[in-house]
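Student: Before I trust any label attached to this model, I would like to go through the reasoning behind each one. Could we take them in turn?

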Amino acid sequence: QHIVTGMGHLNKLTTSEDTNTDNLSISFNSKSEMIKKAIDYLDNEFVKEYEEMKKHTSNINDDHLSANQVHYLYMRSFFKEIETSKKVDKIIAYYIEQAQKYWTKRGLYAQGILALTLQRMNDTKTASKIIQALEENSITSDELGMYWKSNTSSWFWYQAPIETQALLIEAFSEIRPTDIETIDNLKIWLLKNKQTNQWSTTKATTEAVYAL
């Protein structure tokens, strides 16, 4: 999912109006056989995880919004032109409903992902609510820019400060594109962090570079 999401980022970069790389973008968008095969595999895994969850739950309406499924929705939002089966559509609708209901119980990374996903799926109302909540819980200073005290590293892949800040830059940029001051403040934190730390993984580095 991370690799295909990276391809989605590359596609966005190489097909933007201010670049002249149409011949390059063909490698990363939905016309690529590699992307189609990868997404077909991920669609199947998405269904399998849902069916496994159904086997072990007593109430389908409880909170079943796993980190993997949240990230799948985000990955899939880059490639909406690749058709989904009716089964996948039904499960996506279920998790979107879960997202609308349970987003307040998620951490920074998941909230940023859900805001982007819901925005791309035309639920701009919930996306705006999430962005507003994120803004209200943030800290802004002249020296460090805009950041979140809770954005600390831990054991899980979705608890990574660089990737989280980069994802939130993407969310604010897409949902509030005219709020340049906030977006710049978010980037300041990322750059200040680089002055005192190393981006220790390829994942952190690629996400940070994309955000900037």
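Student: What makes the length of α1 agree with that of a helix?
Tutor: In this predicted model, α1 has 13 residues and reaches 18 Å from its first C-alpha to its last. The expected span is 1.5 Å times one less than the number of residues, and for α1 that expectation is 18 Å, to which the value is close. The buried residues of α1 are Val4, Thr5, Met7, Gly8, His9, Asn11 and Thr14.

Student: How does α6 fare against its expected span?
Tutor: Helix α6, residues 108-120, also reaches a value close to expectation, with 19 Å from its first C-alpha to its last against the 18 Å expected for 13 residues. After α6 comes asparagine 122, whose phi is positive, near 70°.

Student: Why is α6 called mostly covered?
Tutor: A residue counts as buried under 20% relative accessible area, and in α6 12 of the 13 residues are buried. Among them are Leu108, Tyr109, Gln111, Ile113, Leu116 and Arg120. What covers the buried residues includes α1, α4 (67-76), α5 (86-102), α7 (124-136) and α8.

Student: How do you know that threonine 117, as one residue of α6, is buried?
Tutor: Threonine 117 is found in helix α6, and its relative accessible area is 1%; the cut-off for buried is under 20%, so threonine 117 is buried. Leaving aside residues up to four places away in sequence, threonine 117 touches Leu73, Tyr74 and Ile96.

Student: How many aromatic pairs are there, and why is the one between phenylalanine 46 and tyrosine 72 called stacked?
Tutor: The count comes to 7 aromatic pairs. For phenylalanine 46 and tyrosine 72 the centres are 3.8 Å apart and the planes are at 10°; pairing requires centres within 6.5 Å, and stacked requires planes under 30 degrees apart, so both conditions are met. Because phenylalanine 46 lies in helix α3 (residues 33-55) and tyrosine 72 in helix α4, the pair ties together parts that are 26 residues apart in sequence. Phenylalanine 46 counts as buried at 1% relative accessibility, and tyrosine 72 counts as buried at 0%.

Student: What makes the pair of tyrosine 50 and tyrosine 94 edge-to-face?
Tutor: The planes of tyrosine 50 and tyrosine 94 are at 65°, with 5.5 Å centre to centre, and an angle over 60 degrees counts as edge-to-face. This pair links distant parts of the chain, with tyrosine 50 in helix α3 and tyrosine 94 in helix α5, 44 residues apart. Tyrosine 50 is buried, and so is tyrosine 94. Ring pairs link Phe46, Tyr50, Tyr72, Tyr94 and Tyr95 into a cluster.

Student: Is phenylalanine 156 buried, exposed or partly exposed, and what is the reason?
Tutor: Phenylalanine 156 has a relative accessible area of 48%; buried means under 20% and exposed over 50%, with partly exposed in between, so phenylalanine 156 is partly exposed. Phenylalanine 156 is found in the loop between β2 (145-147) and α8 (161-175). Together with Trp155, Trp157 and Tyr158, Phe156 makes a nonpolar surface patch of about 540 Å².

Student: Why does glutamate 83 count as exposed?
Tutor: Exposed means over 50%, and glutamate 83, at 73% relative accessibility, therefore counts as exposed. Glutamate 83 is found in the loop between α4 and α5. The C-alpha atoms of glutamate 83 and valine 209, 126 residues apart along the chain, are separated by 30 Å.

Note on methods: Residues are numbered from 1 along each chain as its sequence is written. This is a predicted model: local features need pLDDT of at least 70, side-chain atom pairs count only at pLDDT 80 or more; totals for chains, interfaces and linings use all residues. Side-chain values use heavy atoms; hydrogens and water are left out. Patches are made of residues with over 30% relative accessible area and no salt bridge: like charges are joined within 9 Å, nonpolar side chains (Val, Leu, Ile, Met, Phe, Trp, Tyr) within 5 Å. Accessible areas come from the Shrake-Rupley method with a 1.4 Å probe; for residues, only the protein chains shown count as cover. A salt bridge is a side-chain nitrogen of Lys or Arg within 4 Å of a carboxyl oxygen of Asp or Glu. Helices (H or I, at least four residues) and strands (E, at least two) are DSSP runs, numbered from the N terminus. Buried means under 20% relative accessible area, exposed over 50%, partly exposed in between (1.4 Å probe, protein chains only). Contact means heavy atoms within 4.5 Å. Rings of Phe, Tyr and Trp (its six-membered ring) pair if their centres lie within 6.5 Å; planes under 30 degrees apart count as stacked, over 60 as edge-to-face and the rest as tilted.
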